[in-house]
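Student: I've got a new model open and I'd like to learn how to read it. Could you walk me through the strands and then one residue?

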Amino acid sequence: RPITGDIRIAGRAFQDDHGCWPVASISAFWAPWALDHDPGRLERMAEYAVGAGFTACRWFASHDWPGGLDPRHTPHYFEIMQRTVERLGELGLRSEVTLFTRRFLIDNIEEHAKQWGLIAQENRQYLGLLEIANEFNHQDNSVSTQDVRRAAEVIRAYCGTVPLALSAPAAESWEDMEALLGELYNGSV
């Protein structure tokens, strides 16, 4: 299924110029690292994923474990992010990107969000979803509700129709998660 046009939300489905389709995502949190260090690995993963019917690839834009990139210490970080979105799109997969996993990796939330907003603006057709933070409230992440909301406001100013998720909370039960989601999304963009 070729990628054509920006994603739009149609009821409970995603839609592009070919109509609605089910989103099936493969996770490759290491995608940006592979683009720079082992592009063949990224291409093999995409070939497998598209052949198996996947339509998107979920990846982390920054994380601090093997296969991750630290924006503070990666030259041309945002160029690598944009090239990853574009390359996966060329290979037939839309990107579902979690922008950060650890608060300490992001020096300036607003500037980081602005740069991602610009990437989204230029690559709407290749982005299936932007998520601000992974489990924002997890003890290792330490991302505040205000950080998540502010990043969303900045990104939304640039990215237009790209679906945007704030975060999913870490919680022990569904009830706890539901309460935290309500708190996070209350009054958000």
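**Reading the sheet and one loop residue**

Tutor: Let's start with the sheet: five strands form an open sheet in the order 4-5-6-7-8, and the pairing is parallel. Keep in mind that this is a predicted model.

Student: Which strands are at the edges of the sheet?

Tutor: An edge strand pairs on one side only, and here that applies to strand 4 (25-27) and strand 8 (164-168).

Student: By how many degrees are neighbouring strands of this sheet turned against each other?

Tutor: On average, 25 degrees, with direction ignored.

Student: How do I look at a single pair, say strand 4 and strand 5?

Tutor: Ask about direction and bridges. Strand 4 and strand 5 (residues 56-60) run parallel and are joined by three bridges. To find a bridge on screen, go to serine 25, whose partner in strand 5 is alanine 56.

Student: Which strands does helix 3 lie across?

Tutor: Helix 3 (residues 77-90) lies across strand 5, strand 6 and strand 7 (127-134). Its direction is at about 165 degrees to strand 5.

Student: Now the strands outside that order. Do strand 1 and strand 2 run parallel or antiparallel?

Tutor: Antiparallel: strand 1 (residues 8-10) is joined to strand 2 (residues 13-16) by three bridges. Alanine 10 sits opposite alanine 13 of strand 2. The two strands make a hairpin with two residues between them, and in the turn glycine 11 has a positive phi of about 65 degrees.

Student: What joins strand 2 to strand 3?

Tutor: A hairpin again, running through two residues. Strand 2 and strand 3 (residues 19-21) are antiparallel, with three bridges between them. For a landmark, aspartate 16 stands opposite glycine 19 in strand 3.

Student: Let's zoom in on a residue. Where is threonine 101?

Tutor: Look in the loop between strand 6 (94-100) and helix 4 (109-122).

Student: Is threonine 101 buried or exposed?

Tutor: Go by relative accessible area, where buried means under 20%. Threonine 101 comes out at 1%, so it counts as buried.

Student: What does the side chain of threonine 101 reach?

Tutor: The backbone oxygen of serine 62, at 3.1 Å.

Student: And which residues is threonine 101 in contact with, leaving aside its neighbours within four places in sequence?

Tutor: Threonine 101 then touches Phe60, Ser62, His63, Trp65, Asn134 and Asn141. Ser62 is the residue whose backbone oxygen the threonine 101 side chain reaches.

How values were computed: Residues numbered from 1 in each chain as written. Predicted model: local features only at pLDDT ≥ 70, side-chain atom pairs only at ≥ 80, totals over all residues. Heavy atoms only, no water. Helix = DSSP H or I, 4+ residues; strand = E, 2+ residues; numbered from the N terminus. Buried < 20%, exposed > 50% of the residue type's maximum accessible area, 1.4 Å probe, protein only. Polar contact = N/O pair within 3.5 Å; in protein donor to acceptor, adjacent residues only side chain to side chain. Contact = heavy atoms within 4.5 Å. Pairing = 2+ DSSP bridges. Axes fitted to C-alpha atoms, helices over the stretch in contact; angles between N-to-C directions.
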